[in-house]
Amino acid sequence: MRVSQLKPGCKIIEQKDDGNEIRYEVISIRQIGKQFEVTFRSVLGLASALYPANAFIPAAA
């Protein structure tokens, strides 16, 4: 899914090299210029990252 299409509540699954998965939930998304700031929540806590609008993130269906 494109970052620009994410909505709060979307689920993201990151597959690590060791086979473990980390599951994230999108808490908020806001546009900053041509980029989007996405705030995620996981068992590791809250984190935010900036992405270009056309970047792809593997969202769960």
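This text walks through the fold, the sheet, and a group of aromatic rings.

The model is predicted. Start with the chain as a whole. Its secondary structure comes to 0 helices and 4 strands. Read from the N terminus, the elements run β-β-β-β. The C-alpha trace spans about 35 × 20 × 20 Å along its principal axes. The radius of gyration is 11 Å, which agrees with the value near 10 Å that a compact globule of 61 residues would have.

Now look at the surface. The accessible surface of the chain comes to about 4,300 Å². Carbon and sulfur atoms account for 53% of that area. Of the 61 residues, 23% count as buried. Contacts add a view along the sequence. Take those between residues at least 6 apart: 27% of them join residues at least 24 apart.

Next comes the sheet. The 4 strands form an open sheet, and their order is β1-β2-β3-β4. The pairing is antiparallel. Strands of a sheet pair through backbone hydrogen bonds. Which strands stand at the edges? They are β1, residues 11-15, and β4, residues 45-52. Each has a single partner strand, so one side of each is left without a neighbour in the sheet. From one strand to the next, the twist averages 35°.

Move to the pairing of β2 with β3. Strand β2 covers residues 21-32, and strand β3 covers residues 35-42. The two pair in the antiparallel sense over 7 bridges. One bridge can be picked out by residue: E25 has R41 in β3 as its bridge partner.

T39 gives another view of the sheet. This residue lies in strand β3. Is T39 buried or exposed? Its relative accessible area is 14%, and the cut-off for buried is under 20%, so T39 is buried. What does T39 touch, once its neighbours within four places in sequence are left aside? Its contacts are E25, V26, I27, S28, L46, A47 and S48.

The aromatic rings come next. A search of the whole structure finds 2 aromatic pairs. In one of them, Y24 and F40 sit edge-to-face. Their centres are 5.7 Å apart, with 65° between the planes. Y24 lies in strand β2 and F40 in strand β3, so this pair ties together parts that are 16 residues apart in sequence.

F40 also pairs with Y51. Here the ring centres lie 6.4 Å apart and the planes stand at 90°. Planes over 60 degrees apart count as edge-to-face, so the pair of F40 and Y51 is edge-to-face. F40 lies in strand β3 and Y51 in strand β4, so this contact ties together parts that are 11 residues apart in sequence.

How do F40 and Y51 sit relative to the surface? F40 has 9% relative accessibility and therefore counts as buried. Y51 has a relative accessible area of 23%, so Y51 is partly exposed. Put the ring pairs together, and Y24, F40 and Y51 are linked into a cluster. Follow that cluster across the model: Y24 is in β2 and F40 is in β3, while Y51 is in β4.

Technical notes: Residues numbered from 1 in each chain as written. Predicted model: local features only at pLDDT ≥ 70, side-chain atom pairs only at ≥ 80, totals over all residues. Heavy atoms only, no water. Pairing = 2+ DSSP bridges. Axes fitted to C-alpha atoms, helices over the stretch in contact; angles between N-to-C directions. Phe/Tyr/Trp six-rings, centres within 6.5 Å; stacked < 30°, edge-to-face > 60°. Buried < 20%, exposed > 50% of the residue type's maximum accessible area, 1.4 Å probe, protein only. Rg over C-alpha atoms; globule rule 2.2 N^0.38 Å. Contact = heavy atoms within 4.5 Å. Areas by Shrake-Rupley, 256 points an atom, 1.4 Å probe, with all protein chains shown as cover.
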